[in-house]
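Notebook open, coffee poured. Today I'm going through how the strands pair up in this one.

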Amino acid sequence: MSRDHLQSAGRPATGAGAPNGASVTSGGGAETPFLELLARDAAAEAYEQPVLLARAEGRPADRIAALEQAKHLALRVRSELEGRRRREAELSALFETAHDLAGLRDVDAVLQAIVQRARSLLGTDVAYLSLNDPARGDTYMRVTEGSVAARFQQLRLGMGEGLGGLVAQTARPYVTDDYFKDARFQHTLAIDSGVRDEGLVAILGVPLMLGPSVIGVLFAADRRARVFEREQIALLGSFAALAAAAIDTANLLTETRSALAGLERANEIIRDRSAVIERASEVHDRLAELVLRGGGVHDVAAAVSQVLDGTVRFTEADDAPQEALEASRAEGHAVRHRDDWIAAVAAGGDLLGALVLRGHSGLDPVDQRTFERAAMVTSLLLLARRSAAEAEQRVRGELLDDLLDARDRDPRLLGDRATRLLADLDATHVVLAARLDDPAADAEQEAAARRRLWAAASHLAATRHGMAAARDGGTVLLLPLGPTDTATELARRTARHLGAAVREPVTVGASAPVTDLLAHSDTLPAAYSEGRRCLDALRLLGRSGDGAAAEDFGFLGLLLAGERDVTGFVERTIGPVAKYDERRGTDLLRTLDAYFACGMSPARTKDELHVHVNTVAQRLERVARLLGDDWQDPARALEIQLALRLHRLATPARH
């Protein structure tokens, strides 16, 4: 590639990018050309051009290095912007579909729009929707998008046949990354021929529920092997809920129009029904506007409270009446509970909470439907925010993995990543190794338990401006240490918090406090190893569900601690006696040494020291006041003797 060509590819046009037609590499910061590329929403390949141009122009090496760093930062910003645009597109499509449903006129058009948006957002080759035929006892294709095979578009599936028939029969989502190799489904010649004509390989199907009944199935499929993520399954489930609502609304309209034909008050009923639909549309417009402005679940509850002239609040699933909540979840409608109404807030198969309408014992069908759709909007909000939170948790975990493993990474880049997560790596931290204690019945349950532990640890780390990652069958956390806190206290609090969150005993081993994590790349891995040793020691000692640091194990802590903190052990064990000797000029340490050497006999000790036995007794009483009355217990005595010996060995080095 010629130098002139590089200049034309890497330099924005005069007036549109670089002022006065100047080269993007001459003058200004290294980030300037990349900011211009970000502003133009340029393709990823274009970000190489400023670096290539600088090299072609013979720019200094430090300038080229700065451009390389700016390029990587700009590409990460571009990736983050693309991810946000994708999430905004998903929410926008769901809200647009809900808005279409509020002003429903043509059910076929709404269903076609739902299928199109599902295919677009999930990025699949084909999306299609089938409806149950109660008269024939099977399910048939209603809407397809991206299909090219006529036989596939005319398929009818018996209950239990193929993936779709199984979804329709069991009312549960099913997914396969390779349909023809999946033995869970009842393969028939007609279905397999249609699927083979279409060239489908990976298929995801979710049920369309109307109350407790399945009325159809919404599918997304690819012509290549593919794994559908949990968020994608939940998103398709939300589209299926909207499709079911569209069909339900269409059925209501059909019933209404049939009734109007035989009534003398046709015009009046039409006006009333029109007003109802308009009111529902206004409510959904208001909710959509509120959500697009960045409102939360409590804002939705406040808006619906005004519309329904009652008090609506969001509550966690555990705090709602369980029988009413399960009934609402199963039926797909709000249910009455005494003088209140309960609407389950669910996404896919997850129960996220409930909307509770208080002081409103009677609801007409329109208000009930408004209340139910408010619950649907709330579930979409919670699902979107949970997805964002999980993304942040993954980013924090990846940074912690890099700090533990990638010791050759640029400390500045690691520091920048930590700063964006509001984590201060210059502060004092503690590394904690956490693990569940009760073994699971099978591998699937154990994997689920580990995911719950990671989720709870990630949430705790995010609230404390720390980090967490899944590691070695458990979870590792990096948490800042408060000025009045200790590693032991932090480990015990963490064990209690995680145990309560996952409802199982969690054992936590902590390292000694560590600092300057970016300056010394070996600090964090060594601290993690120390935390794991403490964790193993706790489990061997039968202290499952507890938390501790090396300092809690007495002289055993010397074996557990990564740095062999001899000075700290001596200070913790006989420090008060040593300080007393220094202040008063006494001989308590020498008396202790002689006392143990003489088999803890005061009479033999007084001969060794050439003092009166009362003097020995007085000195030992002073030791008891400094170390505690249990200083002669076997375990304490062993630690004190070890500390005395270590102090004696270290004393010559200080003189």
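**Strand pairing notes**

I started with a single residue pair: Asn-132 has Thr-139 in E2 as its bridge partner. Worth jotting down before I go on: I'm working on a predicted model.

Next I looked up the strands around that pair. E1 (residues 126-133) and E2 (residues 138-145) are antiparallel, with 7 bridges between them. I then checked the link and found a hairpin with 4 residues between E1 and E2. Gly-137 sits in that turn with a positive phi of about 70°.

What else does E2 pair with? I found strand E3 (residues 156-158), joined to E2 by 3 bridges and running antiparallel. For a concrete pair there, I noted Asp-138 opposite Gly-158 in E3.

Then I moved on to the open sheet. I count 5 strands in the order E12-E13-E11-E14-E15, with mixed pairing. Which strands stand at the edges? They are E12 (467-471) and E15 (547-549); each has a single partner strand, so one side of each has no neighbour in the sheet. I also wrote down the twist, which averages 20° from one strand to the next.

Inside that sheet I picked out E11 (residues 429-436) and E14 (residues 506-510), an antiparallel pair with 5 bridges. Ala-433 is opposite Gly-509 in E14.

Last lookup: what lies across E11, E13, E14 and E15? My entry reads helix H16 (residues 487-502), running at about 155° to E14. Strand E13 in that list covers 474-480.

How values were computed
Residues are numbered from 1 along each chain as its sequence is written. This is a predicted model: local features need pLDDT of at least 70, side-chain atom pairs count only at pLDDT 80 or more; totals for chains, interfaces and linings use all residues. Side-chain values use heavy atoms; hydrogens and water are left out. Two strands pair if DSSP finds at least two bridges between them. Helices (H or I, at least four residues) and strands (E, at least two) are DSSP runs, numbered from the N terminus. Axes are lines fitted to C-alpha atoms, for helices over the stretch in contact, and angles run from 0 to 180 degrees between N-to-C directions. Contact means heavy atoms within 4.5 Å.
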